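The exercises below concern one chain, and each is followed by a worked solution. Look through the sequence and the structure before starting.

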Amino acid sequence: MLADRLKPFLKRYDEISESLSDPKILSDISLVTKLSKEQRSIEPVRNATLQYLEVLKNIEDNKSLINDTELGDLAKEELKNLEISQNKLEEEIKILLIPKDPNDEKNIFLEIRAGTGGDEAALFAGDLLDAYLRYAELRGYKTEIVSQSEGSAGGFKEVILLVKGDGAYSRLKFEGGTHRVQRVPETESQGRVHTSAITVAIMPEIEDSEIQINENDLRIDVMRASGHGGQCVNTTDSAVRITHIPTGLVVTNQDGKSQHKNKEAAMKVLKARLYDLQEKERKAKEQSERKDQVGTGDRSGRIRTYNYPQNRITDHRINLTLYRLDAIMAGGLFDEIIDLLIAHAQAEAINKSEI
């Protein structure tokens, strides 16, 4: 019974409240922080549970009055409303009971790479970056370009964006994958539609304690930063390239004038990529259980098509097609798609659980 599953949340919430009033615990700042965070995570379930138990009690009370000559009709009418509230609360609670992704509240590195399509792919990488920047602004996130490699005709061969804000990962984790664009390139004289592709990777920003890197596994090279076409933009050896020897992962950063800051930024990206690699390996082992879920960040899967001649954007994971691509790209209005992706993921999780 759902009510029995919910009572431990009430008990744990009260236990934490009692602990947080204990002077001995209050003197331990790290423990207080940990307990407060746990209590905040439990609070939505606790509040919904209290409402749910109250509704169940009222249902039983009204059932006992159905045969009452004076109050029977009123009780029947009230039962209808209470049963609607019960069903609504049960659906809300099912979503609240879905295990939380531990990365959901983290900042992210959003990496865009031009794929097939040459210059046109690089140009679209720039267009999608602009759309994500507008989306981040709408959500109140702060952004910082960590690394970039410009395309020969504009746009980017590769660009890495740090997005900071509560829930950044939870909203943008579904963007990982291959994004295909169909449009007439500016260089196309005969008006033919070309198909290009870029890849997006979403990686949570990792705390130092979450992943350990052996310094002996790193090869760090410094060099002079260069601009488009090889033009020298820095006369000091400020650019940094870090190679993680065991995995072969390479991160280069030359955006800052300080070698120290470039190295620091490159290390953050490297840690995120290593964590992402570990997560992919872990998820591969669970593939049979997760094969129907969206948002795994697998770059090999085509997730979305942007068709400019038809003003159409299609998300292939949920078979969603909208004919307002121009508005979505110009305004960064991705929430309509992201909300449905989240709802789909929640429905899949509920179907696979025993809730």
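Contact means heavy atoms within 4.5 Å. Helices (H or I, at least four residues) and strands (E, at least two) are DSSP runs, numbered from the N terminus. This is a predicted model, in which local features need pLDDT of at least 70 and side-chain atom pairs count only at pLDDT 80 or more, while totals for chains, interfaces and linings use all residues. Residues are numbered from 1 along each chain as its sequence is written, and side-chain values use heavy atoms, with hydrogens and water left out.

**Exercise 1. Describe helix α4 and its packing.**

Step 1. Helix α4 has 25 residues and spans 35 Å from its first C-alpha to its last, close to the expected 36 Å. The expected span is 1.5 Å times one less than the number of residues.

Step 2. Buried means under 20% relative accessible area, exposed over 50%, and partly exposed in between (1.4 Å probe, protein chains only). The buried residues of α4 are Gly72, Ala75, Leu79, Leu82, Gln86, Leu89, Glu90 and Ile93.

Step 3. These buried residues of α4 pack against α1 (2–19) and α3.

Step 4. Leu71 belongs to the loop between α3 (29–63) and α4 (72–96). Leu71 counts as partly exposed because its relative accessibility is 39%.

**Exercise 2. Locate three salt bridges and state which parts of the chain they link.**

Step 1. A salt bridge is a side-chain nitrogen of Lys or Arg within 4 Å of a carboxyl oxygen of Asp or Glu. By this rule the count is 21.

Step 2. Asp104 and Lys173 form a salt bridge at 2.9 Å, N to O. Asp104 is in the loop between α4 and β1 (108–114) and Lys173 in the loop between α6 (168–172) and β4 (177–183), so this pair links distant parts of the chain, 69 residues apart. Both Asp104 and Lys173 are buried.

Step 3. Arg304 and Glu175 form a salt bridge at 2.7 Å, N to O. Arg304 lies in strand β9 (residues 302–307) and Glu175 in the loop between α6 and β4, so the pair ties together parts that are 129 residues apart in sequence. Arg304 and Glu175 are both buried.

Step 4. Asp221 and Arg241 form a salt bridge at 3.3 Å, N to O. With Asp221 in strand β6 (residues 218–223) and Arg241 in strand β7 (residues 239–244), the pair ties together parts 20 residues apart in sequence. Asp221 is partly exposed at 23% relative accessibility, and Arg241 is partly exposed at 31%.

Step 5. Glu111, Arg113, Glu158 and Arg273 are joined into one network by salt bridges that share partners.

**Exercise 3. Describe the surroundings of Val184.**

Step 1. Val184 is found in the loop between β4 and β5 (194–204). Val184 is partly exposed, because its relative accessible area is 36%.

Step 2. Leaving aside neighbours within four places in sequence, Val184 is in contact with Gly191, Arg192 and Val193.

Step 3. The C-alpha atoms of Val184 and Tyr308 are separated by 8.1 Å, with their positions 124 residues apart along the chain.

**Exercise 4. Which element has the lowest mean pLDDT, and which the highest?**

Step 1. pLDDT is the predictor's confidence in each residue, from 0 to 100. The chain has a mean pLDDT of 86, and 90% of its residues reach 70 or more.

Step 2. Helix α8 (residues 287–290) has the lowest mean, 48, and strand β10 (residues 312–315) the highest, 97.
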